[in-house]
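The following exercises concern packing, cores and enclosed spaces in a protein chain. Please work through each task before reading its solution.

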Amino acid sequence: MENVTIQATASADTVYQNEQVVAEYRLFFRPGIRLRRSRMADAWDASGFWREELDVDARPSPTRTTRNGTTYETILLKRVALFPTKTGRLTVAPLQIETEARAQPELGQRSGPIPRSQYESVTLASDSLVVHARSLPPDAPSAFDGAVGQFSMDAQVRPGSVKVGAAVDLTARVQGTGNLATVSPPRVAPLAEVAVYDPTIETTIQRDGSGIRGEKTFRFALVPQASGQYTLPPVQFAYFDPEAGQYEVLRAGGRELRVTGEAGPTATSQAASGLPIGDIAGPMQASDAWIRTDRAPLYAQPWAYAALLGPLVAQLLQGGQELAQIARRGLWGSHRVH
C-alpha cells in the first residue's frame, strides 16, 4: 500500500569508532488509513555496532506532519543508539513490520465495525542505513581506553584516616553522554605502600531521550601496608570528544591519607627445611633412645608367627582334652549295670 511507509533516519552518517549515532524508524500513513495488528516481521540487526535500545511509547498516538507537501500521520516505531565497534562502511538492516490496513469509509457511508475482509495485509520495510565509521586520531593519552562522548568525573576518598591493613573506599563517578555501557574504569596510579584492588561497578543509564546518557560509578578498595602520611595520586579518566575532535583527560582526587598503627606479622615460608606454613602438627620432640632402622621387617621375624599362632594352638589343645573326657564318660556310662 503506497499510502503507508516506514522511514529510517540516522543522526549522522559519518562518525568516529565508538561514537554514538541514533537510528529512528517512523511509520507514515495518510489520514483516513486505519491500521491494526502491527508486529515485527523479521529480526532486526545492526552488525558491527554495540546497540542500546531507547524508550518509545508502547501505545503511541499519531501526530500529523507534512512531507513534500503531503499530509501524513506518523508514529515512532523504534529508536536505538548505535556505537560502531570497528571502522569502515557499516550497514544497518531494514526494519520490517507486518500490519493490516484499510481506508476509512467515505463521509456519508455506513458507520459501525469494519468487516475483517475489508482489511488488507501489508508487509512494510524501511531502507537500510549506512554509517561510515572512521578511526580515532593517533597519540591517545595513556589513560585512554575507548571512551567516546562528553564526560565529567568526580572522586572522593573515605575515610581520610585509617589503621594499617584497614580498607579505604575510593569512589570515582563518571557522568555524561556516550558509550557508558562499555566505559572502562578510570586509571588509579599505583602506590608502593598502598594496595589497590579491582573496583565494583554500578551503571545507571537513561534511555528516555534522544541518546544514551547517565553515570557509571567505580568503587576501589585501597589497603595501606605501612603507617605514614600519604598523598594519593589523582584518578585519571581519558576520553575522546567527537565534537571537539580531541582527547581530554580528567583528573580528580589527590587526597591526603593518614595511616596509623603497625603492620601485623607476616608468615614466611621455608624452601629447604622446616615445616610448611600452616602445618597443623608441631615439630617432633627428640627421643633419648635411638631406634635401629636396619632390623628385619616384622613378617621376617619367627617370633611374630609364634606370637600369633600360640594362643590358637593352646585353645585347640584344651578343646581336645575336653572332648577326650566327654568320650570317656560316655563309654563308662554305656557299660553301667542297673
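**Exercise 1.** Which residues does Phe-151 touch, not counting residues up to four places away in sequence?

*Solution.* The model is predicted. Step 1: take contact as heavy atoms within 4.5 Å. Step 2: leave out residues up to four places away in sequence from Phe-151. Step 3: read off the partners of Phe-151, which are Val-174, Gln-175, Gly-176, Thr-177, Gly-178, Asn-179, Leu-180, Val-183, Phe-237, Tyr-239 and Leu-250.

**Exercise 2.** Identify the members of the largest nonpolar core that touch the most other members, and state which strands supply this core.

*Solution.* Step 1: the largest nonpolar core holds 27 residues. Step 2: Phe-151, Met-153, Leu-170, Leu-222, Val-235 and Phe-237 are the residues that touch the most other members. Step 3: at least two residues of this core come from each of the strands E12 (144–158), E14 (168–178), E16 (213–224), E18 (234–241), E19 (246–253) and E20 (256–260). Step 4: E12 provides the largest share, 5 residues. Step 5: a second core, separate from this one, has 26 residues, among them Ile-6, Leu-82, Val-122 and Val-131.

**Exercise 3.** Describe the cavities of 30 Å³ or more: how many are there, and what lines them?

*Solution.* Step 1: the count is 2.

Step 2: the largest cavity has a volume of about 90 Å³. Its lining comprises 15 residues, and those nearest its centre are Leu-170, Val-188, Leu-222, Leu-232 and Pro-233. Leu-170 and Leu-222 also appear among the core residues that touch the most other members. Strand E15 (194–206) and E19 each supply at least two lining residues. By class, the lining of the largest cavity has 12 nonpolar, 2 polar and 1 charged residues.

Step 3: the second largest cavity has a volume of about 50 Å³. Its lining consists of Ala-143, Asp-145, Gly-146, Ala-147, Val-183, Ser-184, Pro-185, Pro-186, Gln-236, Phe-237 and Ala-238. E12 and E18 are the elements that give two or more residues to this lining. The lining of the second largest cavity divides into 7 nonpolar, 3 polar and 1 charged. Val-183 and Phe-237 are also contacts of Phe-151.

**Exercise 4.** Which residues line the largest pocket, and which line the second largest pocket?

*Solution.* Step 1: the largest pocket encloses about 190 Å³ of space. Leu-27, Leu-35, Ser-38, Arg-39, Met-40, Ile-75, Leu-77, Lys-78, Leu-95 and Ile-97 form its lining. Strands E4 (33–40) and E7 (70–84) each contribute at least two residues, and E4 gives the most, with 4 residues. The classes in this lining are 7 nonpolar, 1 polar and 2 charged.

Step 2: the second largest pocket has a volume of about 150 Å³. Val-56, Asp-57, Ala-58, Arg-59, Pro-60, Pro-62, Ile-75, Leu-76 and Leu-77 line this pocket. Its lining has 7 nonpolar, no polar and 2 charged residues.

Step 3: comparing the two lists shows that Ile-75 and Leu-77 belong to both linings.

**Exercise 5.** Characterise the chain as a whole: how many helices and strands does the chain have, and what percentage of its residues is buried?

*Solution.* Step 1: the chain has 1 helix and 20 strands. Step 2: with buried taken as under 20% relative accessible area, buried residues account for 31% of the 338 residues. Step 3: about 21,900 Å² of the chain is exposed, and carbon and sulfur atoms supply 50% of it. Step 4: of the contacts between residues at least 6 apart in sequence, 74% join residues at least 24 apart.

Terms used:
Residues are numbered from 1 along each chain as its sequence is written. This is a predicted model: local features need pLDDT of at least 70, side-chain atom pairs count only at pLDDT 80 or more; totals for chains, interfaces and linings use all residues. Side-chain values use heavy atoms; hydrogens and water are left out. On a 1 Å grid over the protein atoms alone, a cavity is a set of points where a 1.4 Å probe fits but cannot get out, and a pocket is an open set with protein on both sides within 12 Å along at least five of seven lines; lining residues have an atom within 4 Å of a point. Grid points are joined across faces, edges and corners, and a volume is the space filled by probe spheres set on the points. Ala, Val, Leu, Ile, Met, Phe, Trp, Tyr, Cys and Pro count as nonpolar, Asp, Glu, Lys and Arg as charged, and the others, Gly among them, as polar. A nonpolar core is a set of buried Ala, Val, Leu, Ile, Met, Phe, Trp, Tyr and Cys residues joined through side-chain atoms within 4.5 Å. Buried means under 20% relative accessible area, exposed over 50%, partly exposed in between (1.4 Å probe, protein chains only). Accessible areas come from the Shrake-Rupley method with a 1.4 Å probe; for residues, only the protein chains shown count as cover.
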